[in-house]
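Visitor: I've got the sequence and the 3D model open, and I'd love a guided tour. Please start gently!

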Amino acid sequence: MAQWGHLRVSMAVGLAASLLPLHPARAEPAYVPLVRDYVERRVRPIVETPLVLNAIGEQNTEFGNVSEMDMRVLDEAYRSEIGQPHPHMVKLLLDKSVSHYLKSKQDASQGAIVEFFVTDSHGLNVGQSTITADYWQGDEEKYLKTFANGSREIFIDRAERNETTQMLETQASFVVVDEQEKPIGVATVTIAIDAL
């Protein structure tokens, strides 16, 4: 009789161990696979073009030895222009051919892409489809979780409801590589999840 009791306890422990993983699995939100698939199929091919890669490469050459202090000054200058009647720095960025290209791809996305920009290796904007909140992304997760730590994964941020449009949106970012597979910058898209 004691044997059966021991066997029942062993079976119960074994069954519990097979049903309950040692490390609880964190299920990713339902929108993450949709966004990841959209970025791989639609966004990455847009970024991996000579126009975008050359624009990033040229800015990397231009800002090769820029200091963090200089980047912060540039960022402050950019942010101070937002909402002003004659935003010189913002206008120069939006007038670039790479920005027009990203804007055309945003417009053709049927509402799925809300914002689209690419940065250089420092996290400074190279081209953008719309006016971004800031010019330097190097201190934000979109840069820190991709380029800064050498990840080739797509970083998909937490989804939030846009107060103006009431659409559920998330940002997806990934490292841009050149023809030699060398990391040169970051691409970020804000995606309206409801439009996918």
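Guide: Here's a word you'll need right away: contact means heavy atoms within 4.5 Å. Also, this is a predicted model, where local features need pLDDT of at least 70, side-chain atom pairs count only at pLDDT 80 or more, and totals for chains, interfaces and linings use all residues. Residues are numbered from 1 along each chain as its sequence is written, and side-chain values use heavy atoms, with hydrogens and water left out.

Visitor: What pattern does the chain follow, read along the sequence?
Guide: Start by counting pieces: the chain has 7 helices and 6 strands. These are DSSP runs numbered from the N terminus (helices are H or I, at least four residues; strands are E, at least two). Reading along the sequence puts them in the order α-α-α-α-α-α-β-β-α-β-β-β-β.

Visitor: What share of the contacts with a separation of 6 or more comes from residues 24 or more positions apart?
Guide: Begin with the whole chain: of its 196 residues, 42% count as buried, where buried means under 20% relative accessible area (1.4 Å probe, protein chains only). For the contacts you ask about, residues 24 or more positions apart account for 59%.

Visitor: Is Ser173 buried or exposed?
Guide: Find strand 5, residues 168–177, and you'll find Ser173 there. Leaving aside its neighbours within four places in sequence, Ser173 is in contact with Lys142, Thr146, Glu153, Ile154, Phe155, Val186, Ala187 and Thr188. Its relative accessible area is 1%, so Ser173 is buried.

Visitor: With which side chain does the side chain of Ser173 make a polar contact?
Guide: A polar contact is a pair of N or O atoms within 3.5 Å; within protein, one must be able to donate a hydrogen and the other to accept it, and residues adjacent in sequence count only if both atoms are side-chain atoms. For Ser173, the pair is 2.8 Å apart, and the partner side chain belongs to Thr188.

Visitor: How far apart in space are Gln128 and Leu94, C-alpha to C-alpha?
Guide: Gln128 sits in strand 2, residues 125–128, and a relative accessible area of 1% is why it counts as buried. Its side chain makes polar contacts with the side chains of Asn125, at 2.7 Å, and Thr132, at 3.5 Å. Setting aside residues up to four places away in sequence, Gln128 touches Tyr78, Leu93, Leu94, Ser99, Leu102, Phe116 and Phe117. Leu94 is 34 residues away in sequence, yet in space the distance is 6.4 Å.

Visitor: Which element gives the most to the largest nonpolar core?
Guide: A nonpolar core is a set of buried Ala, Val, Leu, Ile, Met, Phe, Trp, Tyr and Cys residues joined through side-chain atoms within 4.5 Å. The largest one has 31 residues, and those with the most contacts inside it are Val35, Val39, Val43, Val47, Phe116 and Val189. Helix 2, helix 3 (50–62), helix 6 (97–107), strand 1 (113–119), strand 5 and strand 6 (183–192) each give two or more residues to this core. With 8 residues, the top contributor is helix 2.

Visitor: How many residues are in the second, separate core?
Guide: Among its members are Phe63, Val66, Met89 and Leu124. This core is separate, with a size of 10 residues.

Visitor: What is the relative accessible area of His122?
Guide: His122 lies in the loop between strand 1 and strand 2. Not counting residues up to four places away in sequence, His122 touches Phe63, Gly64, Val66, Met71, Trp136, Gly138 and Tyr143. His122 is buried, with a relative accessible area of 19%.

Visitor: Which element gives the most to the lining of the largest pocket?
Guide: A pocket is an open set of points on a 1 Å grid over the protein atoms alone, where a 1.4 Å probe fits, with protein on both sides within 12 Å along at least five of seven lines; lining residues have an atom within 4 Å of a point. Lining residues here include Glu28, Tyr31, Arg36, Phe155 and Arg158. Helix 2 (31–47) and strand 3 (155–156) each supply at least two. With 3 residues, the one giving the most is helix 2.

Visitor: And which element gives the most to the lining of the second largest pocket?
Guide: Among the residues lining the second largest pocket are Asp157, Glu160, Asn162, Gln171 and Thr190. Strand 4 (160–161) and strand 5 each supply at least two. The most, 3 residues, comes from strand 5.

Conventions. Buried means under 20% relative accessible area, exposed over 50%, partly exposed in between (1.4 Å probe, protein chains only).
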